[in-house]
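User: I want to learn how pockets, cavities and ligand contacts get their names. Can you take me through an example?

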Amino acid sequence: MRKTIIAGNWKMNKTFLEADIFLFELSENLEKIELGTVEVVICPPSLYLELASDIATDSKFHIGAQNVNDNADGAFTGEISAAMLHSMDLKYCIIGHSERRKYYSESDEMINAKLKKLHENEIIPILCIGETLEQREQGITKDIILAQLDGGLNGVEIEDNVVIAYEPIWAIGTGKTATPQQAQEIHSLIRNWLEENYSKDISEETSILYGGSMKPENVKELLSQSDIDGGLIGGASLDVSKFSKMIETAVEL
Ligand code: PGA
């Protein structure tokens with residue numbers, strides 16, 4: 001049975017002290033929650049990965065990075081390799097986030113190379129895909145999603161080691177959320193693609209998260225959809241009580 005994953009993507013937010021306080025409070029909150037098949041992940045800025053890893057050792061959450069370089073090692077000033085993430089015992093790493101595609105010109109080809117580096121280092125990629133508002137209005141959402149799946153997963157073997165996050169770009173950080181039906185339609189498209197390109201087992205075991213203004217007020221409706229297996233949460237993951245509430249809702253479903 002596939003996992004429900006509630007993942008917080010902090011992006012470029014929080015000072016060290018704020019991160020420390022949040023993670024301790026989250027640990028305390030999780031003590032009171034029986035997580036069952038729900039997995040909690042925090043993706044802090046890379047500077048705090050060590051702090052987060054240390055706190056996570058005695059807690060019930062996992063850590064993910066927000067980015068990785070597509071090269072193995074070498075002269076890439078300011079970058080972080082998959083081997084480095086592996087040496088920090090990280091379980092996950094976000095790749096292909098729309099902000100990186102947009103501001104750092106990341107292509108599907110580069111994202112595919114990053115994904116392969118993560119797999120070589122036993123880290124589970126959280127592969128983000130999603131369409132812009134313009135693409136949705138042009139009626140090409142499905143083509144965009146399928147192209148991003150083809151590109152991002154080109155030549156990749158999947159066996160319980162990929163998480164996909166559908167994040168409509170027009171819903172990220174805007175307060176606009178896809179309706180549960182809009183999200184479900186794309187999640188089911190992704191699941192069918194997995195079945196066609198891999199197998200029924202792979203499609204049933206792969207967690208597909210929704211991202212885009214997920215918050216305590218809409219998490220229940222979204223997670224109630226049959227193909228939505230959790231969330232990649234930005235803004236609402238910065239507040240420990242909101243984030244904990246969303247975990248509680250996921251556990252109750
Ligand atoms: P948001 O961000 O929840 O603030 O919309 C989600 C994401 O970008 O992962």
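The turns below set values against definitions.

Analyst: This is a predicted model: local features need pLDDT of at least 70, side-chain atom pairs count only at pLDDT 80 or more, and totals for chains, interfaces and linings use all residues. Residues are numbered from 1 along each chain as its sequence is written, and side-chain values use heavy atoms, with hydrogens and water left out.

User: What makes a residue count as near the ligand?

Analyst: One of its heavy atoms must lie within 4 Å of the ligand. There are 13 residues around the ligand, and Lys11, His97, Glu167, Gly173 and Ser213 come nearest.

User: Why is the pair between Lys11 and the ligand called a polar contact?

Analyst: A polar contact is a pair of N or O atoms within 3.5 Å; within protein, one must be able to donate a hydrogen and the other to accept it, and residues adjacent in sequence count only if both atoms are side-chain atoms. A side-chain N or O atom of Lys11 is 2.7 Å from a ligand oxygen, so the pair qualifies. Gly173 uses a backbone N or O atom, 2.7 Å from an oxygen of the ligand. For a backbone N or O atom of Gly234, the distance to a ligand oxygen is 2.9 Å.

User: How much of the ligand does the protein cover?

Analyst: The protein covers 96% of the 280 Å² of accessible area that the ligand has on its own. Such areas come from the Shrake-Rupley method with a 1.4 Å probe; for residues, only the protein chains shown count as cover.

User: What is the difference between a pocket and a cavity?

Analyst: Take a 1 Å grid over the protein atoms alone. In a cavity, a 1.4 Å probe fits but cannot get out; a pocket is an open set with protein on both sides within 12 Å along at least five of seven lines. Lining residues have an atom within 4 Å of a point.

User: Which pocket holds the ligand?

Analyst: The ligand sits in the second largest pocket. To sit there, more than half of its atoms must lie within 2 Å of the pocket's grid points. That pocket has a volume of about 260 Å³. It is lined by 21 residues, with Gly173, Ser213, Gly234, Gly235 and Ala236 closest to its centre.

User: What about the largest pocket?

Analyst: Its volume is about 590 Å³. It has 20 lining residues; Met12, Gln66, Asn67, Arg100 and Tyr104 lie nearest its centre.

User: What lines the largest cavity?

Analyst: The largest cavity has a volume of about 40 Å³. Its lining includes Gly96, His97, Cys128 and Glu167.

How values were computed. Grid points are joined across faces, edges and corners, and a volume is the space filled by probe spheres set on the points.
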